[in-house]
Amino acid sequence: MNLAATPWLLGRVEPDAPGERLFCFPHAGSGASAFRRWPGALPASVRCCPVQLPGRENRLADPMPDTMDELAQHTVEALLPLLRPPYVLFGHSFGGLLAYAVARHLHERGDPLPRALLISGARPPHLAAQESYHTLPYDELLAHVRATNGIAEPLLRHEEFVRRLLDVLRVDLRIAAEYRPPAGAPLPCPVRCLAADDDPVVPPSLVEGWRAYAGGEFDLRRGPGDHYAVYDVSGALFAEIARHGPAGR
């Protein structure tokens, strides 16, 4: 595979390109375009690498893995030539859980871990298992997505798009709820978490639960906004990523 143009990434990334890579995993039901504004807002020394998961956007025809472990394994296999230090894994909500699963898989393989694991607005695995949004009927799931600002109102006019989005969302929510990482030592890499003060989906008190999964340094940074505040490149949470996350400072 030519990794400069792999379908697993939005844009081109040369395996030997200099700089630190920030691999970004989006929230449930979303694709790599969630990070479309990030490359131009991050420091020039950081290469933003939005991960495009199967079953969404330009990968609609690609089958979606049935478990979090399977998705993490496929992700590692596809991106391993690019996962060389220095790099950072970032994930928001469902993407945070996936970033953790990817880091676990790398650790179990004996591959180099990221400089830091950045997790935003995500429940830790032992709490994610308590969620049951994936069992909601269509109308109730759509109402939940609208209530949490998970879909722009103009897009609701496109019924086929909405149904496809909810189908992908339901799968993501199910595999997140069913994810049971094996017992073992916490990851031996820094874990840095971000939480929005007014997040109705994952309040900061739940994000604090990631402390148990950090075998090294752990910290939790908060900022104003709702569940999707981290995508705002003018916001305080994104500023924390740009200022502290990728460089590991």
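Reader: How many bridges join β3 to β4?

Author: This is a predicted model, in which local features need pLDDT of at least 70 and side-chain atom pairs count only at pLDDT 80 or more, while totals for chains, interfaces and linings use all residues. Residues are numbered from 1 along each chain as its sequence is written, and side-chain values use heavy atoms, with hydrogens and water left out. Helices (H or I, at least four residues) and strands (E, at least two) are DSSP runs, numbered from the N terminus. β3 and β4 run parallel, and the number of bridges that join them is 5.

Reader: Which residue in β4 is the bridge partner of Gly91?

Author: Gly91 has its bridge partner in β4, the strand that runs parallel to β3. That partner is Ile119.

Reader: Which strands does α2 touch where it packs on the sheet?

Author: The direction of α2 makes about 145° with that of β3, where axes are lines fitted to C-alpha atoms, for helices over the stretch in contact, and angles run from 0 to 180 degrees between N-to-C directions. Contact means heavy atoms within 4.5 Å. The strands touched by α2 are β1, β3 and β4.

Reader: In what order do the 6 strands of the open sheet lie?

Author: Strands pair if DSSP finds at least two bridges between them, and here the pairing is parallel. The order across the sheet is β2-β1-β3-β4-β5-β6.

Reader: By what angle are neighbouring strands of this sheet turned against each other on average?

Author: The edges of the sheet are β2 (46-50) and β6 (218-223), each of which pairs on one side only. With direction ignored, the average turn between neighbouring strands is 20°.

Reader: Which element gives the largest share of the largest nonpolar core?

Author: A nonpolar core is a set of buried Ala, Val, Leu, Ile, Met, Phe, Trp, Tyr and Cys residues joined through side-chain atoms within 4.5 Å. The largest one has 57 residues, and Phe23, Met68, Leu89, Phe94, Leu98, Leu117 and Trp210 touch the most other members. Elements giving two or more residues to this core include β1 (20-25), β3 (87-92), α2 (94-109) and α5 (159-178). The largest share is 9 residues, from α2.

Reader: How many residues form the other core that holds Val46, Cys48, Leu194 and Tyr228?

Author: In the largest core, Phe94 touches Pro26, Leu53, Met68 and Ile175, among other residues beyond four places away in sequence. Apart from this core lies another, whose members include Val46 and Tyr228 and whose count of residues is 21.

Reader: Which parts of the structure does the pair of Phe23 and Tyr87 tie together?

Author: The whole structure has 9 aromatic pairs, counted when ring centres of Phe, Tyr and Trp (its six-membered ring) lie within 6.5 Å, with planes under 30 degrees apart taken as stacked, over 60 as edge-to-face and the rest as tilted. Phe23 and Tyr87 are edge-to-face, with 6.1 Å centre to centre and 80° between the planes. Because Phe23 and Tyr87 lie in different strands, the pair ties together parts that are 64 residues apart in sequence, namely strands β1 and β3.

Reader: Is Tyr87 buried or exposed?

Author: Buried means under 20% relative accessible area, exposed over 50%, and partly exposed in between (1.4 Å probe, protein chains only). Tyr87 has a relative accessible area of 0%, so Tyr87 is buried.

Reader: How far from the centre of the ring of Trp8 does the charged end of Arg59 sit?

Author: A charge sits over a ring if NZ of Lys or CZ of Arg is within 6 Å of the ring centre and within 35 degrees of the ring normal. The charged end of Arg59 sits over the ring of Trp8, and its distance from the centre is 4.3 Å.

Reader: What is the relative accessible area of Arg104?

Author: Arg104 lies in helix α2. Beyond its neighbours within four places in sequence, Arg104 is in contact with residues including Tyr179, Pro181 and Ala185. Arg104 is buried, because its relative accessible area is 11%.

Reader: Which residue does a cis peptide bond join to Pro85?

Author: Most peptide bonds are trans. Here omega is about 0°, and the bond joins Pro85 to Pro86.

Reader: Near what value is phi of Ser93?

Author: Ser93 is found in the loop between β3 and α2, and Ser93 is buried at a relative accessible area of 16%. Its phi is positive, in a residue other than glycine, and lies near 60°.
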